[in-house]
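Grab a coffee and open the viewer: here are some exercises to work through with the chain in front of you. Each task is followed by a solution in small steps.

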Amino acid sequence: MFFERIVREDVAFADGLPLAKIAVIGAGPSGLATVIALMRRCHCPFEAWIVDAQDAPGAFGDGPAGGALTAEPARDLSVLPDRPDDFARWLKENFLSNGAVAALRGPQDLHVPRSVFRDYVMARFGEALALRRDVRIRTIRGTVRHIGRRNDGVYVGFLDGENAVFDHVFVATGFGIAQREAASWRDAAAVAERLSHEENPAPLTLVGNGPRLAAILLDLRMRGFTGAIHVAAAAGRLPQPHSRGYDGMVFGEPPASRSLRDAFRYIRRECSSAEARRGGQWQTVVDAASDRLSVVWRNLPQAERNHYRRHLLRLHRHFSVRIAGDIHRRLAGEFEAGRTRFVPPHDPKSADGNTVDCREVPAARALAGLLGCDVATLSVDDHGHLLSHDAPLSGLSVVGAVASGLRPGPFTFAETVRQAYRSVLAAPLSRPARVSRG
Ligand SMILES: Cc1cc2nc3c(=O)[nH]c(=O)nc-3n(C[C@H](O)[C@H](O)[C@H](O)COP(=O)(O)OP(=O)(O)OC[C@H]3O[C@@H](n4cnc5c(N)ncnc54)[C@H](O)[C@@H]3O)c2cc1C
C-alpha cells in the first residue's frame, strides 16, 4: 500500500476526544461527494482515508476523459443538495459572467467538459476542508481485496497484505477495477493508433452502450481516426438522449400486483402511449417510474430484487442514464455516415486485440467478492446501509454506481449526492467507538 498524500497534518483535536476513523473506498465522483458530505455533516473530529486502486481524487477530469462533456446538464450536477443550482452558479461566476455564452443560454443548460466539473467539485472539497480544523484526509493508493466485520470495527484488507480497521466504511467502487474508465480510454487510443498504421486494418470494436462509449467513439473521430468502428452494444442500442423537459404527463392506472415484471410491462406501455401523444416523452415516464420503484423497493422480497438485478437493471440503467442531445445527434450521424455500425454483442475478453471494453456495469458482484458473500443476499436500504439477508451490516454504507447494482438507482448525480448525505447522516459517527491516531 502506498501512502500517497496527507491533507493537513496540523489537525487540532480536542484533548482526549476520540478521532473517528473512516474509509471511503473509491475516489470517483461518488467517493468525492461522500467525503464532502462527511466534512459538511459529520460534526465529530475524524480522519478519512480516500482509498483508490489507481485513480487520484478527480482523475475522471484528466486527459481526454476530461475533455468529454458531462452527460447531465449543469443544473443537475450540484455537489450540495441544499443548493441544487450551485454548479450552475459557480459556472456563471467563474466562466460566464458578462460572457456571450451567458447571453445565449443559461449556464444551467450547459453540458461542460468534465475537467470543469472536476474543478468545481475539488473547489467545494477544498472549501469544506478549510472550515474543518478537526479533520484529516489521507488519499491512499491501494487495491481493497477484503472487507469484513470485527468487534472493534470494519476491517479492510489490501492487495499487498496490509490492513486497517475503521469505525465506518463507505464503499463507492462504482464500476469496479475491471471496468475502470481510464483503461477504456487508454486501450481505445492504443488500438486506434496501431490500426492507423496497418495497410488493411480490421475494424476497431467498442463494447458498450452508455456515455463512456459515446465519448470515446466521438473522441477517436475528433482525433482523426478514420477506420471502421464496430459497436457491440446490447440489443444494438445507442445511449439515449435527455428529453426536452417536463411535459405535464398523466399516467394510466399502475398494475395492482407487486411483480416487477408487471411493473416493467406497464412502463413500456406508458412509454409507447407517451411517444404517441403530441409532446409526450418516454423519458418522463421512466423518471416517474424510477422514483416510484425506489419507494416500492423496500417492500419487495429479495427474490424479486435479484430478478431485477439479473434481468432488468441493465435495461433500466440504459434508459435512465442519458447523454446530451448534441452528443446523441453526432453519434447518430456517425451511424448514418456508414463508417460506424452495430455488430452483435460479445464478451470483450474473448475477442481479438482490436476490441475495447467501454461497458459501465455496476460492480455489485465485485463488492460481494470483497465481502466474501453471495451477491444474491445483498441489498441497500434508503439510507445507503448495506444489508445482508435484509439485516444491516453495521459500519458499512454503499454510495453511487455500485449501489445501483443492488437497488434501482442512483442513476443521476443529484441522486448520488442525496444518497451520500443520507448515508453520512445515518452513519453512527457522532460518538466514535474507538480511539485511534492513524
Ligand atoms: C463522458 C462521460 C460523461 C459522464 N457524465 C456524467 C454525469 O453527467 N453525471 C454522472 O453522474 N455521471 C456521469 N458519468 C459517469 C461518471 O463519470 C462516473 O463514472 C459514475 O457516475 C460512477 O461514479 P462512481 O464514483 O460511483 O464510480 P467510478 O467512477 O467507477 O469510481 C469508482 C472508483 O473506485 C475504484 N475502485 C473500485 N474497486 C476498488 C477496489 N477494490 N479497491 C480500491 N479502489 C477501487 C476505481 O479505481 C474507481 O476510481 C459520465 C461518464 C462519462 C464517460
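**Exercise 1. Confidence**

Over which residues does pLDDT stay under 50, and how many contacts beyond four places in sequence does the model have for them?

Solution. Start with the ground rules. This is a predicted model, where local features need pLDDT of at least 70, side-chain atom pairs count only at pLDDT 80 or more, and totals for chains, interfaces and linings use all residues. Residues are numbered from 1 along each chain as its sequence is written.

- Step 1: pLDDT is the predictor's confidence in each residue, from 0 to 100.
- Step 2: the stretch to find is residues 432-438, where pLDDT stays under 50. The model has 16 contacts beyond four places in sequence for this stretch; two residues are in contact if their C-beta atoms, placed from the backbone, lie within 7 Å.
- Step 3: now zoom out. The protein averages a pLDDT of 88, and 90% of the residues score at least 70.
- Step 4: go element by element (helices, H or I, of at least four residues and strands, E, of at least two are DSSP runs, numbered from the N terminus). Helix H4 (residues 100-104) has the lowest mean pLDDT, 52, while strand S8 (residues 168-171) has the highest, 98.

**Exercise 2. The overall build**

Work out how the chain is put together, from its elements to its cores.

Solution.

- Step 1: count the elements. There are 13 helices and 17 strands.
- Step 2: check burial. A residue is buried if 20 or more other C-beta atoms lie within 10 Å of its own, exposed if 12 or fewer, and partly exposed in between, with C-beta atoms placed from the backbone. Of the 438 residues, 41% are buried.
- Step 3: look at sequence range. Among contacts with a separation of 6 or more, 76% are between residues 24 or more positions apart.
- Step 4: find the largest nonpolar core (a set of buried Ala, Val, Leu, Ile, Met, Phe, Trp, Tyr and Cys residues joined through C-beta atoms within 7 Å). This core has 67 residues, and Val-35 and Val-169 have the most contacts inside it. Helix H1 gives the largest share, 7 residues.
- Step 5: click on Val-35. Beyond its neighbours within four places in sequence, Val-35 is in contact with Val-24, Ala-48, Ile-50, Phe-125 and Ile-137.
- Step 6: apart from the largest core lies another, of 29 residues, including Ala-68, Ile-216, Ile-229 and Leu-331.

**Exercise 3. Around the ligand**

Which residues are closest to the ligand, and why does the ligand lie between two domains?

Solution.

- Step 1: the shell holds 36 residues, and the closest are Gly-26, Gly-28, Ala-71, Gly-174 and Gly-400. A residue is near the ligand if its C-beta atom, placed from the backbone, lies within 6 Å of it.
- Step 2: the elements that give two or more residues to this shell are helix H1 (29-41), strand S3 (46-52), helix H7 (211-222) and helix H13 (413-426).
- Step 3: sort by chemistry. The shell has 16 nonpolar, 13 polar and 7 charged residues; Ala, Val, Leu, Ile, Met, Phe, Trp, Tyr, Cys and Pro count as nonpolar, Asp, Glu, Lys and Arg as charged, and the others, Gly among them, as polar.
- Step 4: bring in the domains, whose bounds come from an automatic or database domain assignment. Domain 1 (2-178 + 363-426) and domain 2 (181-239 + 322-357) both give residues to the shell, so the ligand lies between them.

**Exercise 4. Odd backbone angles**

Track down a cis peptide bond and two positive phi values.

Solution.

- Step 1: recall the usual picture. Most residues other than glycine have a negative phi, and most peptide bonds are trans.
- Step 2: the cis bond joins Gly-409 and Pro-410, with omega about 5°. Pro-410 sits in the loop between strand S17 (391-398) and H13.
- Step 3: His-389 has a positive phi, near 50°. Asp-390 also has a positive phi, of about 70°.
- Step 4: place them. His-389 is in the loop between strand S16 (385-388) and S17. His-389 is exposed because it has 10 other C-beta atoms within 10 Å, and Asp-390 counts as exposed with 12.

**Exercise 5. One loop residue**

Is Asp-55 buried or partly exposed?

Solution.

- Step 1: Asp-55 is in the loop between S3 and helix H2 (63-67).
- Step 2: 17 other C-beta atoms lie within 10 Å, so Asp-55 is partly exposed.
- Step 3: leaving aside neighbours within four places in sequence, Asp-55 is in contact with Ala-27, Gly-28 and Ala-182.
- Step 4: Arg-180 is 125 residues away in sequence, yet its C-alpha is 9.2 Å from that of Asp-55.

Conventions. A nonpolar core is a set of buried Ala, Val, Leu, Ile, Met, Phe, Trp, Tyr and Cys residues joined through C-beta atoms within 7 Å.
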